[in-house]
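Hi,

Here is the structure I said I would pass on. Have a look at it first, and my notes are underneath.

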Amino acid sequence: MSSGAVSAVPAGGSPLATAPAVMVRIEKLSKSFGTLPVLTDIDITVHQGEVVVLIGASGSGKTTLLRCVNGLETPTRGRLWVDGEAMGVFDGDGFQPLPEALLNRRRAEMGMVFQRFNLFAHMTARDNITLAPMMVKGLSRTDAESLAERLLAKVGLSDKSGAYPSRLSGGQQQRVAIARALAMSPKLMLFDEPTSALDPELIGEVLDTMKGLAEEGMTMIVVTHEMQFAREVADRILFLHQGTILEEGSPQEIFSAPREERTRAFLSRVR
């Protein structure tokens, strides 16, 4: 059941502004690998159409948090919902994974773009995009190829439909990966440092594609070290430190007046 935006009508009859729907809700989520705690008591609410950027040093838990959201990692305890649907079985404080078939259905409604492009080397750009819609959503080849062509145009790669990954630059491969994620019509996009494997001159083309998605209202959670992107695109920035959210706020608050010394120290190193 999808969560919907709720509007109230006061006695006078004029509707109040519609509140944005909650897309992701995380309560007291923790994750440990053996005896090593990686995330501790994470609380996050992400509204529909919001862009939330996670920043912090390597090892602070950012990637693990993304992987918990889409079910690639099972939290140790806590609660997690995406669009009103539970992403696990909540047993007291414990968190149990969903049955695999149900988890796969929930996961299919989210797009995730990784540091590495993970394209199939033996498939063209078009075929990399058509595979999941045909196998998971049952689209015909004709419809899937039409969708792939539209998405390649969207990411500025109309002329690369028949190209194999080996013939594409890193930035082009990552844009194909974004198009592949969009082919499943996701309600939420997760980006795990999507530019970290790229040469500096190729980063801009991927960030421009992501900016376009944000402008279209896509709900996004982004892990990145690109501070200018965070400043320009984020609605909120969360600074993670040692598995906790140490500070959060608007880009203006985080970049101009961070409250925590750890935040100030991190920003002084990456800017």
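Below is what I found, going from the sheet to one of its helices and then to a single loop residue.

Bear in mind that this is a predicted model.

Start with the sheet. It is an open one of six strands, in the order S8-S9-S10-S3-S11-S12, and the pairing is mixed. S8 and S12 (244–249) are the edge strands: each has a single partner, so one side of each has no neighbour in the sheet. From one strand to the next the twist averages 15°. At the S8 end, S8 and S9 (residues 188–192) run parallel and are joined over four bridges. If you want a spot to click on there, Met-110 has Leu-188 in S9 as its bridge partner.

Two helices that sit against this sheet are worth finding. H6 (residues 200–215) packs on it and touches S3 (51–55), S9 and S10 (220–223), with its direction at about 155° to that of S10. H9 (residues 261–270) lies across S3, S11 (236–241) and S12, and runs at about 100° to S11.

I spent most of my time on H6. Its 16 residues reach 24 Å from first C-alpha to last, close to the 22 Å expected at 1.5 Å a residue. Which of its residues are buried? The list is Leu-202, Ile-203, Val-206, Leu-207, Thr-209, Met-210, Leu-213 and Ala-214. Looking down the axis of H6, these buried residues fall within an arc of 155°, so they line one face of the helix. The spacing makes sense: an α-helix has 3.6 residues a turn, so residues three or four places apart point the same way. Turned away from the buried side of H6 are the exposed residues Glu-201 and Glu-215. As for what covers the buried residues, that includes S3, S9 and S10 from the sheet, plus helices H4 (141–154), H5 (170–182) and H7 (227–233). Just after H6, Gly-217 has a positive phi of about 95°.

Last, a loop residue. Phe-120 is in the loop between S8 (110–113) and H3 (125–136). Is Phe-120 buried, partly exposed or exposed? Its relative accessibility is 39%, so it counts as partly exposed. Leaving aside neighbours within four places in sequence, Phe-120 contacts Asn-128, Leu-131 and Pro-165. From Phe-120 to Leu-188 is 68 residues in sequence and 23 Å in space, C-alpha to C-alpha.

Cheers

Definitions and conventions. Residues are numbered from 1 along each chain as its sequence is written. This is a predicted model: local features need pLDDT of at least 70, side-chain atom pairs count only at pLDDT 80 or more; totals for chains, interfaces and linings use all residues. Side-chain values use heavy atoms; hydrogens and water are left out. Buried means under 20% relative accessible area, exposed over 50%, partly exposed in between (1.4 Å probe, protein chains only). Contact means heavy atoms within 4.5 Å. Two strands pair if DSSP finds at least two bridges between them. Axes are lines fitted to C-alpha atoms, for helices over the stretch in contact, and angles run from 0 to 180 degrees between N-to-C directions. The expected span of a helix is 1.5 Å times one less than its number of residues. The arc is that of the directions from the helix axis to the C-beta atoms.
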